[in-house]
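Colleague: I should like to go through the terms used for this model, one by one. Please set each value against its definition.

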There are 4 protein chains.
Amino acid sequence: MISFNSDYDEGAHPRILEALSRTNYDQTIGYGEDPHSQAAIRQIQGQMGRDCYVTFISGGTLANLTVISHTLLQYEGVVSAATGHIFTNETGAIEATGHKVITCPAEQGKLTPDLIVDALNRHSFVPHVVKPKLVYLSQSTEIGTVYTLKELEAIREVCDSKGLLIYIDGARLANGLAIAGTPTLADFGRLADAFTAGGTKNGALFGEAVIIPNPALATDFPHSLRQKGGMMSKGRILGIQFEELFRDDLYIQNGAHANKMAGLLKDGLSAAGFAFLIDSPSNQQFPLLRNKELETLIKDYGMKIWNKPDSEHTYVRLVTSWATKEENVKKFIADATKARTQG
Amino acid sequence: MISFNSDYDEGAHPRILEALSRTNYDQTIGYGEDPHSQAAIRQIQGQMGRDCYVTFISGGTLANLTVISHTLLQYEGVVSAATGHIFTNETGAIEATGHKVITCPAEQGKLTPDLIVDALNRHSFVPHVVKPKLVYLSQSTEIGTVYTLKELEAIREVCDSKGLLIYIDGARLANGLAIAGTPTLADFGRLADAFTAGGTKNGALFGEAVIIPNPALATDFPHSLRQKGGMMSKGRILGIQFEELFRDDLYIQNGAHANKMAGLLKDGLSAAGFAFLIDSPSNQQFPLLRNKELETLIKDYGMKIWNKPDSEHTYVRLVTSWATKEENVKKFIADATKARTQG
Amino acid sequence: MISFNSDYDEGAHPRILEALSRTNYDQTIGYGEDPHSQAAIRQIQGQMGRDCYVTFISGGTLANLTVISHTLLQYEGVVSAATGHIFTNETGAIEATGHKVITCPAEQGKLTPDLIVDALNRHSFVPHVVKPKLVYLSQSTEIGTVYTLKELEAIREVCDSKGLLIYIDGARLANGLAIAGTPTLADFGRLADAFTAGGTKNGALFGEAVIIPNPALATDFPHSLRQKGGMMSKGRILGIQFEELFRDDLYIQNGAHANKMAGLLKDGLSAAGFAFLIDSPSNQQFPLLRNKELETLIKDYGMKIWNKPDSEHTYVRLVTSWATKEENVKKFIADATKARTQG
Amino acid sequence: MISFNSDYDEGAHPRILEALSRTNYDQTIGYGEDPHSQAAIRQIQGQMGRDCYVTFISGGTLANLTVISHTLLQYEGVVSAATGHIFTNETGAIEATGHKVITCPAEQGKLTPDLIVDALNRHSFVPHVVKPKLVYLSQSTEIGTVYTLKELEAIREVCDSKGLLIYIDGARLANGLAIAGTPTLADFGRLADAFTAGGTKNGALFGEAVIIPNPALATDFPHSLRQKGGMMSKGRILGIQFEELFRDDLYIQNGAHANKMAGLLKDGLSAAGFAFLIDSPSNQQFPLLRNKELETLIKDYGMKIWNKPDSEHTYVRLVTSWATKEENVKKFIADATKARTQG
């Protein structure tokens, strides 16, 4: 069985395991004060070209709920695309911290200045509505699309004019970073108030970097991190991993490899006549399978059923990663092509 | 520098790293459905001699807040020793989920039936007070003491008669398990509604097992785990570690080694004339140092300042672990003895 | 200025003030244990033909957030029409207690069995989504429509089959009760797990009755009431008012009068050629005014701008109450007719 | 039966009922925008000699939880005397909004600069503890004592130096205001960041004024008020009452009368040989009764059992109000004296 089910179906990049082994018998102090965490922070700051608060946390939902609840006052809400992970997949994690998620019907999974202004307009009946204060974006998005630099700059502009802050969920940030024309780490440092750089799906055993360029949001962030259960006592386990990912360009290279494999899938399946839910440049692809094709392919390949536009067809999600082997991609394309031809 | 600062200052037991390396290139499904997590669950159930809900989570505070908020209705509170970790060290994590922590002035860090009844009596002015519903215990406690089986049975009895549930924070469960006369895993399965078996301080890179013998509390627990950010997408990372810790008696052996090293410290320092805050049978020891001794020893040894009973003395905390070397313990005893002799 | 702005623009029915004056120099115990509150409870139970938990609370939002947070576990959500007051007008009150409001695109402001099933289907990806547990309905609805008995019975049936509970926001319950074919108090006692009977908009100075036919939800409700700030120390102020409203048929008569006045408005404006947003049988009417008509009428009449379907027209909301005078209704119709004729 | 059980056992001052009757048939807009609420605000500002945010809310617990949750960030806590109402009597209302109540062992129910500094010292282990941010005081206190102006100034000074804010629960503010040497309304305007002026126990049917001299806390307060259910749609009902209470010196005169009646009780019982729990200058008195005296007196008089220092004696709470009649006080003294003499 070859899995294209998700990028978290893999283990860790070998350099991560080597680094953990190499440092295993050191004794270091806890709660992120250790030299590895500190080195990782400096490396990320270096790649951003900017001095700002950075810390590490065990997972993406924990990062989202900690940053968002740290940022918002009790009567403030967060604006998200209706496809946003915080709205669709995190069991009401944000609401559980007391905050409404205000959704926008975002085409292609992306917010726009117009959608943000519309959300504000829907919340003008003060004080009977929550106050939109934070805009939540994902890069790359939950359906594989990406914000261009220009798009993010336009969102920043409208947010500045309306007093809104921006938080970017970077569970798949590396896949975004590896695409030309999208924001770089330096751009995120300039355009986001806070963002994450996901490790779990990009070569780490687990873990996300939380990066907070806005100093006001960085204030007392360790209190929130500790309170929500995100501050690991043995913080070095995260530090060592991110030290390795950002020692050189491993982080972005992992994302680039995943995108390249996804590009092969996209090209190969397109050539075989498959349509796609959306034109995704990143490591998630959503081809439309006939049900018979699905039945055949799912015997040998892990994939996620996305939705069924009609009784005869199914969109599936195929995800590649830093670990995806080209031979497996080719095998899938061949088998899918065969299924279509015979269908 | 040799650290007795905390048991989270260490890396992982070599078998853990080997297991992670051995499985690294497998692809497995996420969110704890993988075969390693499932095997680890069966092993823990086997050692408990009981079929019950088991899952894994990245850290202790996250375990505490998830279990407690899952268990309590909004107007219910949790009873804890005033030394309880949830009251003293977790930045209001429980209150942040909406629940009051009701404290008891517990000598030696341990609750008793009398203290629990007293807490109930202090909350009899219904409905103007929260309803005590859950009793929080730690084994071993925050100051190194342990509940005997008999003590835990007596607490269970009073809880049953009063409609209270029991949750045991096992961040240092292995250190308790390794002491004769204390509850075994099977006993915890019989006497606790929920408990944790800590991995972070006992040989894992990180992670705690959450074990819920009470089926009513197990219902929908994955929802709470997901909501609070504790369900790891790459759940196998936890599963693989606990599969290794509970494959045989590694888990309890790690705790026993830590206790043995702490026993050497205790005996050696006692022989040299040092007094202790408390008579601890587990891996935390709290000797009383003269300030000059502290100044000398802290140059070479990591330790935590606990409190200062007067201007001339300081209680420090020394913690041993599965990784503590006997030679380092002996060195510390020798240096401490020398400091006292010369003082 | 004559106001059709809202039914809370009025004072209290004279019998309410008389009752408060009559009892003013009595001394009574607090927190709802007084004889007036107890009598009011018995009267409501009598009109329901059923023994169940009843209490009183100062306002509607407080009632909603107290009942809903009392009912739900932390990972459970409440299903509401997208027009529901808890979603649109209460500043995220429900989310602030930790719960997601799951919305349905309800035509005419009413949920249906199909919409409820659809909401469940959208939340089948367990445990990554909140668990729908409670269905929130309003009678009469925020846009004046009402559930028929048959419609409510159908909703009860689907809720029973799916393990869902029903809570009915009766801020304007009297207006619903006064319409033939809708559920009676006895029906609500049979079909709702909890509901409110609003006093603020129906003759009281302020206050809502909270009625909980489901004994499981009634358990410990005073704790939630006290915790959320809804238990009035001088509880008799609410008790005296509801004792008067439910002493005979004053409660329903107040609602009937409001409906009758609204019916006159509807008939008169229809005859003059005005269209309506919706066919409302209750005390809220939403005629479509040309902008020039609006400019003229708003000088002499209070009304709420509802929405603007195009640049030339505006839907307004006109609300009548127990206190609305027929002469004022006729005056409005005459002025509106004149405005249209001259337009 | 004559009740000294509580000051909420009474109805309303006759001027309140007259004002409600006088205005009953007016139509006014809702949510506190009506002319009566606005006039009441101006009167309070006038008596404070200061322009600041003022609003009204239905009850004291609701005021406390709304102000405190509005003021604090999620990781911040509120410091209170262990006798504070928010800690002892409000069913965890503050914790339910996510915040820890940090208690101090306050003699006589009053915080001091030393107690506050001690609370800070107990929370210096950053970030593992909540951040004390707000100091909660009651005037008069839960056990009848009062802060002098000098004491409040000293608390303000330490709070300023430590970055703490001050909130004063004025459920019985009028009783404090009526005592010489205590802070005036103008003083509270200068020394508190927020405070309440209770109406429920001082002549109103119900209701508390929330006064927020600190502009930063006033920002967006209506959002919090609305979210927590404290913003009454028919806001004029509160406005009319406070307009009457602060039209002249009715508010303070009500408090002065209650204090005077309590003073008579205190003097009369002292003369008869009764001891007191505490030397209270305000409207709550706590005499120590022999059990036989209690049995006799409780047949004819409402009072609250406070605590039992030994098996032979009971402290009771006697509360007077604006409505207490001198003849009833004299009758009680006579009966108590008789009981003691015969005992």
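Colleague: Why is D160(D) called exposed?

Modeller: Exposed means over 50% relative accessible area, buried under 20%, and partly exposed in between (1.4 Å probe, protein chains only). D160(D) has a relative accessibility of 52%, so the residue counts as exposed. Please note that this is a predicted model, in which local features need pLDDT of at least 70 and side-chain atom pairs count only at pLDDT 80 or more, while totals for chains, interfaces and linings use all residues. Residues are numbered from 1 along each chain as its sequence is written, chains are lettered from A and ligands numbered from 1 in the order in which they are written, and side-chain values use heavy atoms, with hydrogens and water left out.

Colleague: Is R156(D) buried or exposed, and what makes it so?

Modeller: R156(D) has a relative accessible area of 11%, and therefore counts as buried.

Colleague: What makes the pair R156(D) and D160(D) a salt bridge?

Modeller: The term requires a side-chain nitrogen of Lys or Arg within 4 Å of a carboxyl oxygen of Asp or Glu. For R156(D) and D160(D) the N to O distance is 3.1 Å, so the rule is met. Both residues lie in helix 7 (residues 149-162) of chain D, four residues apart, about one turn of the helix. Helices here are DSSP runs (H or I, at least four residues), as strands are (E, at least two), numbered from the N terminus. Elsewhere, salt bridges that share partners join R15(A), R22(A), E244(A), R247(A) and D248(A) into one network.

Colleague: How do you know that E153(B) and R190(B) form a salt bridge, and where do they lie?

Modeller: Their side chains meet at 3.3 Å, N to O, so the distance satisfies the salt-bridge rule. This pair links distant parts of the chain, 37 residues apart: E153(B) is in helix 7 (residues 149-162) of chain B and R190(B) in helix 9 (residues 185-191) of chain B. E153(B) is called partly exposed because its relative accessible area is 31%; R190(B) is called partly exposed because its value is 45%.

Colleague: Why are D118(C) and R122(C) called partly exposed?

Modeller: D118(C) has 34% relative accessibility, so the term applies. R122(C) has a relative accessible area of 39%, so the term applies there too. The side chains of D118(C) and R122(C) meet in a salt bridge at 3.2 Å, N to O.

Colleague: How many salt bridges does the rule find across the interface of chain B and chain C?

Modeller: The rule finds two there. In the salt bridge of K131(C) and D220(B), the N to O distance is 2.6 Å. Across this interface there are also 12 residue pairs in polar contact, both at pLDDT 80 or more. A polar contact is a pair of N or O atoms within 3.5 Å; within protein, one must be able to donate a hydrogen and the other to accept it, and residues adjacent in sequence count only if both atoms are side-chain atoms.

Colleague: How many salt bridges and polar contacts are found between chain A and chain B?

Modeller: The rule finds zero salt bridges across the interface of chain A and chain B, but 27 residue pairs in polar contact. Helix 1 of chain A gives the most to the side of chain A that touches chain B, with four residues.
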